[in-house]
Amino acid sequence: MLSIGEFSNICKVSTKTLRYYAEIGLLEPSEVNPENGYRYYSIEQLKKMLFINRLKAYSFSLDEIKAVLQSEETQDDNLYLAFLHKKKEIEKQVDNYRQILTQLEDDISAIERGKSIMSYMDEIDVQLVDVPKMSLLSIRKTVQAEDFPSEYIKCYEKLFKRIAVDKLTTSGEPMVLFHSAEYTPSGLDTEFAIPVQEYATGTRDFCPRLCLKTILHGAYTQLSSVYAKQREWAEKEGYQNTDALFEVYVTDPSQTVDAKDNITEIYYPVKKIISK
């Protein structure tokens, strides 16, 4: 048997953490002396503690680790699926950090050249265009920001299946309309849509007409900069918003491997403010 101190030293886990693990039922001591409350761990428990440490290194939460340990499924099968899921999460985090690193390098380069790190805003092009009326087949729902990638895939699978079954003809790339007046933690009022030539049950007319248009080449993390530039342009030139902002995905984000290869058209419906 090992005292809690010996166990702590071998596994490089504080005694405070071990007591907390026992409290939540993750790893309880093998024995507790009823007279003095001293805790003891078996040699066999070293392997379990090392296993817990391994999962923590993979960014598993304590609840996730507990679920793996208590799973009624065959542990190897359950662990394999859990590892695949965690691998995807880490890959996404790595991709996000890669984008942040690229942006940081660009900012460092700008400072070295004596430029403001916000000077990239000057390169965002805003055009005033007329967008004709279109018929949309769409799904509208409230979506939280972190769920957008999965909802994108699910909604467009349904829409393209409907197009195939009803033998409709697409007339443009997939697009998303954002109807929310403001960002909220509960989610955004989002409409996933595909322009079609025919009128059918479930389609609706969309008449954006005059719009500010910007073509974004690269990661979606730049979208906020585009929105800000369009608002700045509208205020400067005397225009106001008339309808939902919408994005047209020239490239499919679910199929693009490198974020820099994304091509997105951002539209901001407007009208000229009539001076009194």
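These are my notebook entries on the fold, strand pairing, cysteines and surface of this chain, taken from a predicted model.

**Overall shape**

I began with the chain as a whole and found 7 helices and 12 strands in it. I then looked up the radius of gyration, which is 27 Å for the chain, whereas a compact globule of 276 residues would have one near 19 Å. The C-alpha trace spans about 85 × 60 × 35 Å along its principal axes. For burial I noted that 34% of the 276 residues in the chain count as buried.

**The sheet of β1, β2 and β3**

I turned next to an open sheet of 3 strands, whose order I read as β1-β3-β2 with antiparallel pairing. Its edge strands are β1 (2–3) and β2 (31–32), each of which pairs on one side only. Between β2 and strand β3 (residues 39–41) I find 2 bridges, again in the antiparallel sense. To place the register I looked for the residue opposite Glu31, and this is Tyr40 in β3.

**Helix α5 and a nonpolar surface patch**

Which residues form a nonpolar patch on the surface? I list Ile111, Ile117, Met118 and Tyr120, with about 370 Å² of accessible area together. Ile111 belongs to helix α5, which covers residues 75–112. I entered Ile111 as exposed because its relative accessibility is 56%, and the cut-off for exposed is over 50%.

**Strand β9 and its two partners**

I followed strand β9 (residues 209–217) to strand β4 (residues 127–131), to which it is joined by 5 bridges, with the two strands running antiparallel. Within that pairing, Gln127 has Lys213 in β9 as its bridge partner. I also traced β9 to strand β12 (residues 263–272), where the pairing is antiparallel over 7 bridges. Here the bridge partner of Ile215 is Glu265 in β12.

**Strand β6 and its two partners**

Which way do the side chains of strand β6 (residues 175–178) point? I see Met175 and Leu177 pointing one way and Val176 and Phe178 the other, and all of them are buried. In a regular strand the side chains alternate between the two faces of the sheet. I then looked up what β6 pairs with, and one partner is strand β7 (residues 188–196), in the antiparallel sense over 4 bridges. Val176 stands opposite Phe192 in β7. Another partner is strand β11 (residues 245–249), likewise antiparallel and over 4 bridges. In that pairing Met175 stands opposite Val248 in β11.

**Cysteines**

How many disulfides does the count come to? I get 0 disulfides by the rule used here, which asks for a pair of cysteine sulfur atoms within 2.5 Å. I checked Cys207 in particular: the closest cysteine sulfur to its own is in Cys211, at 11 Å, so the two are too far apart for a bond. Cys207 has a relative accessible area of 34% and is therefore partly exposed, since that class lies between 20% and 50%. For Cys11 I noted a relative accessibility of 5%, so I entered Cys11 as buried, the cut-off for buried being under 20%.

Terms used. Residues numbered from 1 in each chain as written. Predicted model: local features only at pLDDT ≥ 70, side-chain atom pairs only at ≥ 80, totals over all residues. Heavy atoms only, no water. Buried < 20%, exposed > 50% of the residue type's maximum accessible area, 1.4 Å probe, protein only. Patch = residues over 30% accessible without salt bridge, like charges linked within 9 Å, V, L, I, M, F, W, Y side chains within 5 Å. Areas by Shrake-Rupley, 256 points an atom, 1.4 Å probe, with all protein chains shown as cover. Salt bridge = Lys/Arg side-chain N within 4 Å of Asp/Glu carboxyl O. Pairing = 2+ DSSP bridges. Rg over C-alpha atoms; globule rule 2.2 N^0.38 Å.
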